[in-house]
Every structure is written in structure tokens, then in C-alpha cells.
Amino acid sequence: MTIEERLEALYAELPHLECKGLCADSCGAISMGLHEARRIERITGEPLALMATLAENCPYLEAERCTVYDVRPLVCRLWGIVDAPGLRCDHGCAPERWLSHTEALTYVRRSLAISGGKEVTTIRGGLAEADRQYRSSPHAR
Ligand code: SF4
């Protein structure tokens, strides 16, 4: 099985969510496995788009729609289907079955394993910079 096929098989295990497309304001900085990033780069023909601050929207959000929806990474697919604070849809969309936080973390680990443990992020400076920005933001208080 190719890496692409392994990613698709992993995504196919996730409970289905009928999205109403109202959650664009949730599309901020995202982190993903290296191969998830490579899929996006192949579709867009550009290196992974980066954002300077956590206050920006995801670089792949245009007119409130995801421009890479078919190859969006696991983290975007988990949003709205995990029964944990901050991961439920604010607009009432619910999955056919809720994932526990532990199940979600298992999916993250499995997706990273497919990418050889290598993680990348859309925040310039990587996850350490995202963490620094988050800690100094009003959300962290
Ligand atoms: S990749 Fe698409 S779904 Fe994920 S945060 Fe960006 S715009 Fe939203």
C-alpha cells in the first residue's frame, strides 16, 4: 500500500460528519504529518503556505471555503467529531459517532507514523513559535 493509500484508509475510518460549511473561522494554524503536507503541495503546486501569526486564517481558506478540502490533513478531519472541549462544532454539526479524546490522539499518532514521525505546520517558525504565540495570546488566560 502506498503512503497515499494508507492516509486515505486512515481517514476512511473516521466517523462521518455532515458539515454545513459554517466553521471557516475555525481554520487557523494547522500542523500535519510530512506526507499530508506533500499531498497539499502536489495539489497546489506550491511549497506549504505559511502564516506569520496565529491571528491569521489558514492560508488555504478562500472566501470561507477550504481550497484543499479533498486533501485536508487529519487535524481538519478531526475537528467537529471529537467529544472534547474546543473540538466540537460551534454550529451544531455532529458526527455519526463521537470520538473520545484518546481515540483522536491515536489517529494523530497513526497519521504521524505514516509520515515517519515528521510533523510540519502552517505557522512560520513551527510549533514552538505557535506555542509561544498562543501562550502570550488572550486565549491562554
Ligand atoms: S486546510 Fe482547509 S479545512 Fe484545514 S484549516 Fe485550512 S482551510 Fe480549514
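**Exercise 1. Inside helix α2**

Which residues in α2 are buried? Find what they pack against, then see what follows the helix.

*Solution.* Bear in mind that this is a predicted model.
- Step one: go along α2, which covers residues 34-44, and pick out the buried positions. You should end up with L34, E36, A37, R39, I40 and E41.
- Step two: look at what surrounds them. The buried residues of α2 pack against α1, β1 (31-33), α3 (74-78), α4 (101-114) and β4 (119-121).
- Step three: check a residue of α2 that is missing from the buried set. I43 lies in this helix, and its relative accessible area is 55%; with the cut-off for exposed at over 50%, I43 counts as exposed. Between I43 and R6 there are 18 Å in space, C-alpha to C-alpha, and the two are 37 residues apart in sequence.
- Step four: step off the end of the helix. G45 follows α2 and has a positive phi, near 75 degrees.

**Exercise 2. Two partners for α1**

Work out how α1 is oriented against α2, and then against α4.

*Solution.* Two packed helices are described by the angle between their axes and the distance between the axes. So let's get both values for each pair.
- Step one, α1 with α2: the axes of α1 (residues 3-12) and α2 come within 11 Å, with a crossing angle of roughly 105 degrees. Since 65 to 115 degrees counts as roughly perpendicular, that is the label for α1 against α2.
- Step two, who meets whom: α1 brings I3, E4, L7, E8 and Y11, while α2 brings H35, E36, R39 and R42. Sort the residues of this contact and you get three nonpolar, one polar and five charged.
- Step three, α1 with α4: here the axes come within 10 Å and cross at roughly 170 degrees. An angle over 145 degrees is roughly antiparallel, so α1 gets that label relative to α4.
- Step four, the contact residues again: I3, R6, L7 and L10 of α1 meet Y107, R110, S111 and I114 of α4. This contact divides into five nonpolar, one polar and two charged residues.

**Exercise 3. Finding the cores**

Which residues touch the most other members in the largest nonpolar core? Say which helices feed this core, and find another one.

*Solution.*
- Step one: the largest nonpolar core has 13 residues, and L14, L74, L78, I81, V82, L99 and Y107 touch the most other members.
- Step two: trace where the core comes from. At least two of its residues are supplied by each of α1, α3 and α4.
- Step three: zoom in on L78. Skipping residues up to four places away in sequence, L78 touches L14, L99, A104 and V108.
- Step four: look elsewhere. Another core lies apart from the largest one; it has nine residues, including M32, I40, L48 and V71.

**Exercise 4. Loop residues, buried or exposed?**

Are A63, E64, A29 and T122 buried, partly exposed or exposed?

*Solution.*
- Step one: take A63, in the loop between β2 (61-62) and β3 (65-66). Its relative accessibility of 75% makes A63 exposed. The backbone is worth a look too: phi of A63 is positive, about 50 degrees, though the residue is not a glycine.
- Step two: E64 sits in the loop between β2 and β3. At 60% relative accessible area, E64 is exposed. Its phi is also a positive value in a residue other than glycine, near 65 degrees.
- Step three: move to A29, found between α1 and β1. With 32%, A29 is partly exposed. A29 and C58 are 29 residues apart in sequence, but C-alpha to C-alpha they are 5.6 Å apart.
- Step four: finish with T122, in the loop between β4 and α5 (126-135). T122 has 0% relative accessibility and counts as buried. Leaving aside neighbours within four places in sequence, its contacts include G28, A29, I30, M32, L48 and Y60.

**Exercise 5. Around the ligand**

Which residues are around the ligand, and how do they divide by type?

*Solution.*
- Step one: collect the shell, which consists of C27, I30, C58, Y60, L61, C66, V68 and C76.
- Step two: sort the shell by type. You get eight nonpolar residues, no polar and no charged.

How values were computed:
Residues are numbered from 1 along each chain as its sequence is written. This is a predicted model: local features need pLDDT of at least 70, side-chain atom pairs count only at pLDDT 80 or more; totals for chains, interfaces and linings use all residues. Side-chain values use heavy atoms; hydrogens and water are left out. A residue is near a molecule or strand if one of its heavy atoms lies within 4 Å of it. Ala, Val, Leu, Ile, Met, Phe, Trp, Tyr, Cys and Pro count as nonpolar, Asp, Glu, Lys and Arg as charged, and the others, Gly among them, as polar. Axes are lines fitted to C-alpha atoms, for helices over the stretch in contact, and angles run from 0 to 180 degrees between N-to-C directions. Helices (H or I, at least four residues) and strands (E, at least two) are DSSP runs, numbered from the N terminus. Angles under 35 degrees count as roughly parallel, over 145 as roughly antiparallel, 65 to 115 as roughly perpendicular and the rest as oblique. Contact means heavy atoms within 4.5 Å. Buried means under 20% relative accessible area, exposed over 50%, partly exposed in between (1.4 Å probe, protein chains only). A nonpolar core is a set of buried Ala, Val, Leu, Ile, Met, Phe, Trp, Tyr and Cys residues joined through side-chain atoms within 4.5 Å.
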